[in-house]
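Q: Could you take me through one part of this structure up close? I'd like to look at the aromatic rings and what sits around them.

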Amino acid sequence: MSNTDRHPDATSSRDCPLVLGEHVCQRVTARGTDVGGIPVARALPTWERRRIGAWCFLDHIGPVEVPEGTPGMRVGPHPHIGLQTFTWMIEGELMHRDSLSSAQVIRPGQVNLMTAGRGIAHTEESLPDSRRLHAAQLWIALPRVDACTSPRFDHYPVLPRWEQAGMTLTLLAGDVLGHRSPTLAFSELMGLEIHSPAVGELTLALDARFEYGVLVLVGDIEIGESGRGEVGGKRFVANELAYLGQGRHSLTLRTAPGSRALLLGGEPDDEDIVMWWNFVGRSREEIIRAQHDWASGSERFPPVPGFDGPRLAPPPLPWEPRDE
Ligand code: MN
């Protein structure tokens, strides 16, 4: 996925007021946008919330019916630095290609994880016979020591999945209840998909060191706290993110039939990151260099073999030359 805003904001993780502490519950409404012809709801970064641990970008793609005669999603060659792109497929199929010559179809229940490190370029496109599309694409900020690591691409066809309280849980990242996700991580984080076919109630143990958030993808979920005598929790609907802060030892979710959500967590990081367009860096200079390297066709971002179409042009930098 590429950030296709014509004038993307540069966001600093410092300019968001941190709401840390115990038992916060902040409601963040994802904003609608469009990526490669497909409607997307972006829950991170938003004005109210920049990150959940190292998770720094969260696009909910669809669910959408791709009209006959249209190509579906088609995102041409574009660059990334300093992050991992984590694609979780719920419905439909996408083809990923990148400048390492990877070519990989991703199907429902699978993860594509691209570690950009010092620089990579990639493309994503719907397969011709794939008429439905429902997915999440997340970005994970690499820690400073790994930010310039060699680029790589990993595909995970099967993830740990189990039934609990009538729900299907799929472990996308990290460790939960003795299950361990195979996905490559550079910092302590977790990601879990929760799918509830019927009305249900699920209580999960949390790591109190982590900050957490729940993004509702489909349906309606009430978030409460077990053992606190709470009567009723707060309800969240599709494309609402509940940011839950740190210090929780457990979480209870009550679901409407058919609900689906992502629970994301990670160790909070005080270090400032700068995000602009498709780049994560530690300084404005680093972002400006990446933009120049992409615009000038530098070998930092080699061509993507097998994709027929033009490279995405970088938007203008948000800083005046005198600021550089
Ligand atoms: Mn991308």
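A: Trp277 and Phe279 are both buried, and in this predicted model their rings form an edge-to-face pair, with 5.6 Å from centre to centre and 90° between the planes. Phe279 has a relative accessibility of 0%, and because the cut-off for buried is under 20%, it clearly counts as buried.

Phe279 has another ring partner too: Trp276. That pair is tilted, with the centres 6.3 Å apart and the planes at 45°. Trp276 is also buried, at 1% relative accessibility.

Now zoom out a bit. Ring pairs join Trp276, Trp277, Phe279, Trp294 and Phe301 into a cluster. Across the whole structure, a search turns up 8 aromatic pairs.

Follow the cluster to Trp294 and you meet a charged residue: Arg311 lies over the face of Trp294, 3.6 Å from the ring centre. You can find a similar kind of arrangement at Tyr243, where the charged end of Arg49 sits over the ring, 3.7 Å from its centre.

While we're on arginines, have a look at Arg42 as well. Its side chain makes a polar contact with the side chain of Asp59, at 2.6 Å. Asp59 belongs to strand β5, which covers residues 55-65, and Asp59 is buried, with a relative accessible area of 0%.

So what should you click on? Start with Trp277 and Phe279, the edge-to-face pair, then swing over to Trp276 for the tilted one, and finish at Trp294 with Arg311 over its face.

Technical notes: Residues numbered from 1 in each chain as written. Predicted model: local features only at pLDDT ≥ 70, side-chain atom pairs only at ≥ 80, totals over all residues. Heavy atoms only, no water. Helix = DSSP H or I, 4+ residues; strand = E, 2+ residues; numbered from the N terminus. Buried < 20%, exposed > 50% of the residue type's maximum accessible area, 1.4 Å probe, protein only. Polar contact = N/O pair within 3.5 Å; in protein donor to acceptor, adjacent residues only side chain to side chain. Phe/Tyr/Trp six-rings, centres within 6.5 Å; stacked < 30°, edge-to-face > 60°. Lys NZ or Arg CZ within 6 Å of the ring centre and 35° of its normal.
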